[in-house]
Amino acid sequence: MGKFSRKLQKLYDTAPVQETAVLVSVIRQTDTDIVVEEHLDELAFLTETLGVKAVYRFTQKMEKPDIRTFVGKGKLEEIQSYVEHFGVDMVIFDDDLSPSQMKNLENELKVKVYDRSLLILDIFLNRAQTAQAKTQVELARFQYLLPRLTRMWTHLERQRGGTSTRGGAGEKEIETDKRDIRNKITLLKQKLREIEKQGETQRKGRKGIVRVALVGYTNVGKSTLMNLITKTDILAENKLFATVDSTVRKVVLENIPFLLSDTVGFIRKLPTHLIESFKSTLDEIREADLLVHVVDISHPSFEDHFAVVDQTLREIKAGDKPVLLVFNKIDLVETMPSEEKIMEMTEMELEEADFKDFDALSEAYEKKTGIKPVFMAAGSGVNVEEFRERLVQEVKKQHLKIYPHYLHDETFVFEEKEEE
């Protein structure tokens, strides 16, 4: 064997090994096959965002989840066999698990078990950049994990002390870990209060200027729209929760200044702890004068996403604010063709087609919400001018509430100059 061959033998693969997961969903009687598939697709997207590869999906129809292991005994054995055979690293459930369910499942499956909330919390933890966002997510994660501590997450099986030590049999490691986490929660709450005081001071300094907040389901293109309006370079990726930190920029359109904030995206079953911990970030929405609700019209469930955001806004006491409704990504959908074109299509082509009738949608949402929506594509720049015009109109309305004579005086001066 040559010298070069011996050197090659000593080389090791240092590339990180991608973790794998199986997804599990319990199907209720009211759930259709399409809804189940869409929810699992979203769960797979969340899993991918965390950097884990989803390799298989398990579903089970049940009236209500099993109180002990969430899924039935037979389905659990099926999952266990697959996990053992293919060496899967974790099992991810599309619902929240109780502390006892998580403990029982990890005892049975012998791998890490994630529920939906924990998955989202970990994604937020990876995505957070500012001290405030990191503190908020850490606090939410510790609060969620405290009653769910199991051997897969900590070194809980060992005992502190022993028969030969002064502590006797010793204190169980899990109790020590719980005490440590409670101490961390106390410190994080204190730190968060200090950060929130600074945030309140900053927000007080913004009085006297219109505040606009971008809201919407996660991954609808809010950050892309933010970059378009502010001409900045905020991270915009085709991933869920690309934006966790609230970003605020000053914008001036037609001599009217306003503050525009890009907020964290909403999602169905958003963890309660996360909403509570992100109070100061959500204050950007609560204290805004105008909300720009962005909807990804190319998504098959865009109407459900609209409903989720609308409901979440009501839950955080921001449901009565003026809204500019924006249907984004129109370049990714098929528009309604002419009657002649429809007549030429076969029945199969018509069944498979997913045409969007913008006029009908506009009429329906205007009737439903009282808001005439804007249709655009922020990524490719389609119909940007109409959006700008509508945004300026809505900002002017809010500006007049703060400075009732501002625009009137400006018009008066302009007319005087014309007369001269």
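What percentage of the 420 residues in the protein chain do buried residues make up?

## Overall character of the chain

In this predicted model, buried residues account for 45% of the 420 residues in the protein chain. The secondary structure of the chain amounts to 16 helices and 12 strands, and its accessible surface comes to about 23,400 Å², with 50% of that surface belonging to carbon and sulfur atoms.

When the contacts between residues at least 6 apart in sequence are taken together, 69% of them join residues that lie at least 24 apart.

## The enclosure of helix 8

Helix 8, which spans residues 222-230, is largely enclosed by the rest of the structure, because 7 of its 9 residues are buried. The buried residues in question are Lys222, Ser223, Leu225, Met226, Asn227, Ile229 and Thr230. Their cover includes four strands, namely strand 5 (210-216), strand 6 (247-253), strand 7 (256-262) and strand 8 (290-296), together with helix 15 (384-402).

Immediately after helix 8 comes lysine 231, a residue whose phi is positive, near 55 degrees.

## Helix 8 against helix 15

Helix 15, one of the elements that cover the buried residues of helix 8, packs against helix 8 at an angle of about 80 degrees, with the two axes 12 Å apart. Since angles of 65 to 115 degrees count as roughly perpendicular, helix 8 is therefore described as roughly perpendicular to helix 15.

On the side of helix 8, the contact is made by Leu225, Leu228 and Ile229, which meet Val384, Phe387, Arg388 and Leu391 in helix 15. By class, the residues of this contact divide into 6 nonpolar and 1 charged, with no polar residue among them. Leu225 and Ile229, which take part in this contact, also belong to the buried residues of helix 8.

## Helix 3 against helix 4

A second helix pair is formed by helix 3 (residues 73-86) and helix 4 (residues 99-109), whose axes come within 10 Å and cross at roughly 50 degrees. An angle of that kind falls outside the ranges for roughly parallel, roughly antiparallel and roughly perpendicular, and the two helices are therefore oblique to each other. Their crossing is right-handed.

The residues that meet are Leu76, Ile79, Gln80 and Val83 in helix 3 and Leu105, Glu108 and Leu109 in helix 4. This contact divides into 5 nonpolar residues, 1 polar and 1 charged. As general background to such lists, an α-helix has 3.6 residues a turn, so residues three or four places apart point the same way.

Terms used: Residues are numbered from 1 along each chain as its sequence is written. This is a predicted model: local features need pLDDT of at least 70, side-chain atom pairs count only at pLDDT 80 or more; totals for chains, interfaces and linings use all residues. Side-chain values use heavy atoms; hydrogens and water are left out. Buried means under 20% relative accessible area, exposed over 50%, partly exposed in between (1.4 Å probe, protein chains only). Contact means heavy atoms within 4.5 Å. Axes are lines fitted to C-alpha atoms, for helices over the stretch in contact, and angles run from 0 to 180 degrees between N-to-C directions. Angles under 35 degrees count as roughly parallel, over 145 as roughly antiparallel, 65 to 115 as roughly perpendicular and the rest as oblique. A crossing is left-handed if the near helix is turned anticlockwise from the far one by less than a right angle, and right-handed if clockwise. Ala, Val, Leu, Ile, Met, Phe, Trp, Tyr, Cys and Pro count as nonpolar, Asp, Glu, Lys and Arg as charged, and the others, Gly among them, as polar. Accessible areas come from the Shrake-Rupley method with a 1.4 Å probe; for residues, only the protein chains shown count as cover.
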